[in-house]
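Here is a short tour of two sheets and one helix pair. Have the viewer open beside you as you read.

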Amino acid sequence: MKLATWNVNSLNVRLPHVLDWVRDNQPDVLCLQETKQEDVKFPYAELKQAGYEAIHSGQKTYNGVAILTRHALADITHGIVGFADDQKRVISATIQDIRVVCAYIPNGQAVDSEKYNYKMRWLEALNCWLAEELKKYPNLVLLGDYNIAPEDRDCHDPEAWIGQVLVSPREREAFEKLTKLGLHDSFRLFEQAEGHFSWWDYRMAGFRRNLGMRIDHILISDGLKNKATSCVIDKAPRKLERPSDHAPVVLTLAN
DNA sequence: ATGGCTTATTGTATAAGA
């Protein structure tokens, strides 16, 4: 079972990259963030042609999340239960025996800004909701753009980033609180070195110079931890013409 | 040097992302 997450920064622009990537990688599940389109514009037909069923929760211009899968989808839910939110940032479904939660966590813009406060409230609501979900679904995976680099080794220049969003202590505490629910950062079950990133700024030749951050993650519950055989970041799509600024993260589970 | 790039908007400059 191969599950992946990818912030595509506009599915309208990136659909050709997504179609090429699923053809070449054949994931069982692919979660997308920042589709930036309304549901009526979502390319269900093109994805079906490629062998993927899809569910989408989108809006114009901002946000938007989708789950693509080669298998059947059941028990679809939108958003965080119990948290009123106009922004389309969460979609979930059960695929085979796994509860898949696709999330686009707010960026936060600047520490202590209104958007940062929204991010912190949002993370608290996510935590409370997932604590309940884990009781119902012991096999749960939370994939998405977390907009948090959990540790200094996930940031290309920790000194320069002190005091900024993505690395602030409160954000990192919120991430750690998710892990304390029994959700494990699958990438760190394997790779321990610094310098592995999932996002690089379009500016300053960020990708070429590897000035990145590891902010896209796949957290897996205790029930799935022992089944994980690999988790890697696929930098190949970031090298394409007109790429997303994020790269896909790919988890493989033993059957 | 707080910019640099990319996306969307009934645009022609602005907001947002990270």
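## Strand S14 and its two partners

A good place to begin is strand S13, residues 228-233, which pairs with S14 in the antiparallel sense over five bridges. Please keep in mind that this is a predicted model. If you want one spot to click on, Val232 has Val250 in S14 as its bridge partner.

Strand S1, residues 2-7, also pairs with S14 in the antiparallel sense, here over four bridges. For this pairing, try Thr5, whose bridge partner in S14 is Val249.

Is S14 mostly covered or mostly open? Strand S14 spans residues 249-253, and four of its five residues are buried, so to speak of it as mostly covered is fair by the definition that a buried residue has 20 or more other C-beta atoms within 10 Å of its own.

## The sheet around S14

These strands belong to an open sheet of six strands with mixed pairing, in the order S3-S4-S2-S1-S14-S13. Strand S3 (53-57) and S13 stand at the edges with a single partner strand each, so one side of each has no neighbour in the sheet. From one strand to the next, the twist averages 10°.

While you look along these strands, one general point may help: side chains in a regular strand alternate between the two faces of the sheet.

## A second sheet

Another open sheet of six strands, again with mixed pairing, runs in the order S5-S6-S7-S8-S12-S9. Which strands stand at its edges? They are strand S5 (73-78) and strand S9 (183-185); each has a single partner strand, so one side of each is left without a neighbour in the sheet. Neighbouring strands here are turned by 20° against each other on average, direction ignored.

At the S9 edge, the pairing is with strand S12, residues 216-221, in the antiparallel sense over three bridges. Asp185 is a handy residue to select there, with Leu219 in S12 as its bridge partner.

## Helices H3 and H5

Now for the helices. Helix H3 (residues 114-136) packs with helix H5 (residues 169-180) at an angle of about 10°, and their axes are 10 Å apart. That angle makes H3 roughly parallel to H5, because angles under 35 degrees count as such.

Which residues of H3 meet H5? They are Met120, Leu123 and Asn127, and on the H5 side the residues are Arg170, Ala174, Lys177 and Leu178. By type, the residues of this contact divide into four nonpolar, one polar and two charged.

Terms used
Residues numbered from 1 in each chain as written. Chains lettered and ligands numbered in written order. Predicted model: local features only at pLDDT ≥ 70, side-chain atom pairs only at ≥ 80, totals over all residues. Buried ≥ 20, exposed ≤ 12 C-beta atoms within 10 Å, placed from the backbone. Helix = DSSP H or I, 4+ residues; strand = E, 2+ residues; numbered from the N terminus. Pairing = 2+ DSSP bridges. Axes fitted to C-alpha atoms, helices over the stretch in contact; angles between N-to-C directions. Parallel < 35°, antiparallel > 145°, perpendicular 65-115°, else oblique. Contact = placed C-beta atoms within 7 Å. Nonpolar A, V, L, I, M, F, W, Y, C, P; charged D, E, K, R; others polar.
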